[in-house]
Amino acid sequence: MQPLFCISLTMLLAVSPEVEVTSLSGASVSGNLQSLNKTAIHLKQEKTANELTLSEVLNIRFPKNRFRRSLQSPFTIRFTDGSLFPIQSLLSNEKQVKIGGDQTGSLIIPAKSVSSIRFGSLNSNIREAWDKLLNGKHSKDLLVVQKENVLDFIDGVVGSISDEKIQFFTGDDEVSVDRKRVFGIIYFRQPVTETTPFCSIRLTSNGLIHASSIAFSGNEFEATLQNGAQARFDASVIANLDFSQGKVRYLSDLEPRNIKYTPFFDTVWKYRKDKHRDGGPLRLAGKEYSRGLYIHSKTLLQYRIKNEYRNFRAIMGIDDSVPSIGFVYVEIKGNGRTLYSGNVRSSDRPVELNLDVRGVRDLDILVDFGDNLEICDHLDLCEARLIK
């Protein structure tokens, strides 16, 4: 029998939440959401009804729902499918885990669906160490403890978890560990077959839950999670519904098959993903972008895209962070054929690229020197993405 996965939420929002829908073409339309099913979205725009085909939708944003932190210090739970969200309470045995959260309510889930639990708070000193443990290879469960700004662990088998204790087995020994002393737990799980979620639900707590289906009938959202379980969400806790999986691939999620830097002087400015060279957000014409590439002259990036996409789209310009003397020459080729070429100056308005890449196996992006040596040649390719 399918394990029960139940989310109980208080209805906080009136019917017909306000949404902004962005299509694969980049166009946006706003209105009040009337319904959502596996094929279509129905909006009400003033007195006009509008139906949108879901296969052409990139995401649905809820502009009035702001990101917010819990007043309590939350734990963080991660599922084997990549879902990740904060919770306030947790109890478990070898078969199931019971958790409670401000936005998810009370949930009972199969223990095998949980890949890690973090009780401690992250800071810049230990974030890298925690990520390294999460991504490392191990053959047993890890009980992770924090010693000042260092993480250490013991391997074994995690048993039940109560409000105060964690049962832990090391060889033939069983110990009961004070939960307050534990930074986190990383479970040993056999590799699972990755499946592309139909929709990724971003909560206003910044939690992320993957679903294989989602629907809205005018009262609340009903989702089927990737393990087949059913969940319900009130519209007030949703920040964004992302339908891009399987439709869109951001260049910042890909690794170039070849990178070539040719410095004008001696300094090499390496390209960066989803951030500017100083670590801040990409910014063009006063607008910040969370996805994209920062590329300095002279840089050549070569990607193998395997004839899988029909369009390459991006918003291109010199980043706002530098004085208005940036000047680069950009050339984009598909299978050696020029798809776009032109100069980009700081004084120019951002350029919206929409290139036909049907049949393209190899995509090359060259950012070359302009007329000002390499001074302020900080090009941004914001929202750079390939569309199927």
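**Figure 1. Arg 232, in strand E20, is the bridge partner of Glu 222.** Like every view here, this close-up comes from a predicted model. Glu 222 has a second partner to look for: this residue of E19 is also bridged with Ala 215. Strand E20 covers residues 230-233 and runs antiparallel to E19, with 4 bridges joining the two. On the Ala 215 side, strand E18 (residues 208-216) pairs with E19, again in the antiparallel sense, and here the count is 5 bridges. How enclosed is strand E19 by the rest of the structure? Of its 5 residues (221-225), 4 are buried, so the strand is largely enclosed.

**Figure 2. Two hairpins meet at E19, and each has a glycine with a positive phi.** Start with the hairpin of E18 and E19: there are 4 residues between the strands, and Gly 218 takes a positive phi near 115°. Move along to the hairpin made by E19 and E20, which also has 4 residues in between. The glycine to find in that turn is Gly 228, with a positive phi of about 90°.

**Figure 3. The side chains of Glu 220 and Arg 232 are joined by a polar contact.** Glu 220 belongs to the loop between E18 and E19. Is this loop residue buried or exposed? Its relative accessibility is 17%, and with the cut-off for buried set at under 20%, Glu 220 counts as buried. The polar contact to the side chain of Arg 232 spans 3.4 Å. Arg 232 is worth a second look, since this is the residue of E20 that is bridged with Glu 222.

**Figure 4. Helix H1 turns one face inward, lined by its buried residues.** The helix runs over residues 127-135, and its buried residues are Trp 130, Leu 133 and Leu 134. Looking down the axis of H1, you'd find them within an arc of 100°, so they line one face of the helix. That fits what helices do in general: with 3.6 residues a turn, residues three or four places apart point the same way. Which residues are exposed on the other side of H1? They are Glu 128, Lys 132 and Asn 135. As for what the buried residues pack against, the list is strand E6 (75-79), strand E11 (114-118), strand E12 (141-147), strand E13 (150-161) and strand E16 (184-186).

**Figure 5. Strand E5 pairs with E1 and with E21.** E5 takes in residues 57-61 and is mostly covered, with 4 of its 5 residues buried. Strand E1 (residues 18-23) pairs with E5 in the antiparallel sense over 4 bridges. To get your bearings there, find Val 21, which stands opposite Ile 60 of E5. Strand E21 (residues 238-242) is antiparallel to E5 as well, over 3 bridges, and here Arg 61 stands opposite Asn 240 of E21.

**Figure 6. Leu 254 is a buried loop residue between strands E22 and E23.** The loop links E22 (248-250) to E23 (258-261), and Leu 254 has a relative accessible area of 15%. What does Leu 254 touch, leaving aside its neighbours within four places in sequence? Its contacts are Arg 249, Lys 273, Tyr 303 and Leu 386. Take Tyr 303: this residue is 49 residues from Leu 254 in sequence, yet their C-alpha atoms are 8.0 Å apart in space.

**Figure 7. A cis peptide bond leads from Ser 297 to Lys 298, and both residues line the largest cavity.** Omega for this bond is near -5°. Lys 298 lies in the loop between strand E27 (292-296) and strand E28 (299-304). The structure holds 1 cavity of 30 Å³ or more, and the largest cavity has about 50 Å³ of space. Among the other lining residues are Tyr 261, Trp 269, His 296 and Glu 374.

**Figure 8. Glu 148 and Cys 376 are non-glycine residues with a positive phi.** Glu 148 has phi near 55° and sits in the loop between E12 and E13. Glu 148 is exposed, with a relative accessible area of 73%. For Cys 376, phi is near 60°, and the loop in question is the one between strand E33 (362-369) and strand E34 (378-387). Cys 376 counts as buried, at 13% relative accessibility.

Conventions:
Residues numbered from 1 in each chain as written. Predicted model: local features only at pLDDT ≥ 70, side-chain atom pairs only at ≥ 80, totals over all residues. Heavy atoms only, no water. Buried < 20%, exposed > 50% of the residue type's maximum accessible area, 1.4 Å probe, protein only. Pairing = 2+ DSSP bridges. Arc of directions from axis to C-beta. Contact = heavy atoms within 4.5 Å. Polar contact = N/O pair within 3.5 Å; in protein donor to acceptor, adjacent residues only side chain to side chain. 1 Å grid on protein atoms, 1.4 Å probe; cavity = no way out; pocket = protein on both sides within 12 Å on 5 of 7 lines; lining within 4 Å. Points joined across faces, edges and corners; volume = space filled by probe spheres on them.
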